[in-house]
Amino acid sequence: MRLYTYWRSTASYRVRIALAFKGLDYVQTGIISVPVFDGGKVHGYFLARLVFVAEAQRLAGLKLPANALLADQVYSHLYAPPEIDFTSRDKFDVDAFRETIRTGVNGRLGEELIREILVEQIDYLPKDTVGS
């Protein structure tokens, strides 16, 4: 199943996550906004709000905030493969996106810290719709 825009109630969502991952900490990121360039011009913005699940003690021991690592990995992933077409919902594989972000962050840390990446929101806003 491929989803492009995805919204959930944050209250029920958090309760469900807490029950499913008892003993693990889950951290919601702020909105990660990535400008989409083509030919040196901004064509739109990729927006994502993610939740990651990890052991609380290991998160507390990180030298860099996990949110910063996650945001950096999202930027790296979105700018690396030129074949990503944000304007086509059918071509964006949410499951592959989550797994790539999770394995990328864990690879950079050298350990299996992030257990799960959950998508709370993903959107693409074309430049002409911003501010209207």
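Buried residues have under 20% relative accessible area, exposed ones over 50%, and partly exposed ones lie in between (1.4 Å probe, protein chains only). The model is predicted, so local features need pLDDT of at least 70 and side-chain atom pairs count only at pLDDT 80 or more, while totals for chains, interfaces and linings use all residues. Residues are numbered from 1 along each chain as its sequence is written, and side-chain values use heavy atoms, with hydrogens and water left out.

**Exercise 1. The fold**

State how many helices and strands the protein has, and give their pattern along the sequence.

Solution.
Step 1. Helices (H or I, at least four residues) and strands (E, at least two) are taken as DSSP runs, numbered from the N terminus.
Step 2. The protein has four helices and four strands.
Step 3. Along the sequence, these elements follow the pattern α-β-β-β-α-α-α-β.
Step 4. For contacts, the criterion is heavy atoms within 4.5 Å. Of the contacts with a separation of 6 or more, 70% are between residues 24 or more positions apart.

**Exercise 2. Surface and interior**

Give the share of buried residues, then describe the nonpolar patch that contains Tyr75.

Solution.
Step 1. The protein has 132 residues, and 37% of them count as buried.
Step 2. Accessible areas come from the Shrake-Rupley method with a 1.4 Å probe; for residues, only the protein chains shown count as cover. The protein exposes about 7800 Å², of which carbon and sulfur atoms supply 54%.
Step 3. Patches are made of residues with over 30% relative accessible area and no salt bridge; like charges are joined within 9 Å, and nonpolar side chains (Val, Leu, Ile, Met, Phe, Trp, Tyr) within 5 Å.
Step 4. Phe37, Tyr75 and Tyr79 form a nonpolar surface patch, and together they have about 300 Å² of accessible area.
Step 5. Tyr75 belongs to helix H3 (residues 66-79) and is partly exposed at a relative accessible area of 32%.

**Exercise 3. The aromatic pair**

Classify the geometry of the pair formed by Phe46 and Phe97, and locate both residues.

Solution.
Step 1. Rings of Phe, Tyr and Trp (its six-membered ring) pair if their centres lie within 6.5 Å; planes under 30 degrees apart count as stacked, over 60 as edge-to-face and the rest as tilted.
Step 2. This rule gives one aromatic pair. Its members, Phe46 and Phe97, have ring centres 5.8 Å apart and planes at 65°, which makes the pair edge-to-face.
Step 3. Phe46 lies in strand E3 (residues 41-54) and Phe97 in helix H4 (residues 94-109), so the pair ties together parts 51 residues apart in sequence.
Step 4. Both Phe46 and Phe97 are buried.

**Exercise 4. Salt bridges**

Work through the salt bridges of Arg102 and of the pair Arg115 and Glu55, giving distances and exposure.

Solution.
Step 1. Side chains of opposite charge can pair when their charged atoms come close. The cut-off for a salt bridge is a side-chain nitrogen of Lys or Arg within 4 Å of a carboxyl oxygen of Asp or Glu.
Step 2. The whole structure contains eight salt bridges.
Step 3. Glu99 and Arg102 form a salt bridge at 2.8 Å, N to O. These residues are three apart in helix H4, so about one helical turn separates them. Glu99 is partly exposed at 38% relative accessibility, whereas Arg102 is buried at 14%.
Step 4. Arg102 also forms a salt bridge with Glu112, with the closest N and O atoms 2.3 Å apart. This pair links helix H4, which holds Arg102, to the loop between H4 and E4, which holds Glu112, across 10 residues. Glu112 is partly exposed, with a relative accessible area of 46%.
Step 5. A separate network of salt bridges with shared partners joins Glu55, Arg58, Glu111 and Arg115.
Step 6. Within this network, Arg115 and Glu55 meet at 2.6 Å, N to O. Arg115 is in strand E4 (residues 114-126) and Glu55 in the loop between E3 and helix H2 (56-60), 60 residues apart. Arg115 is partly exposed at 40% relative accessibility, as is Glu55 at 25%.

**Exercise 5. The C-terminal part**

Find where Gln121 and Asp128 lie, and state whether each is buried or exposed.

Solution.
Step 1. Gln121 is in strand E4 and is buried, with a relative accessible area of 7%.
Step 2. Asp128 is in the segment after E4 and is exposed, at 67% relative accessible area.
Step 3. Asp128 and His43 are 85 residues apart in sequence, with their C-alpha atoms 8.2 Å apart.
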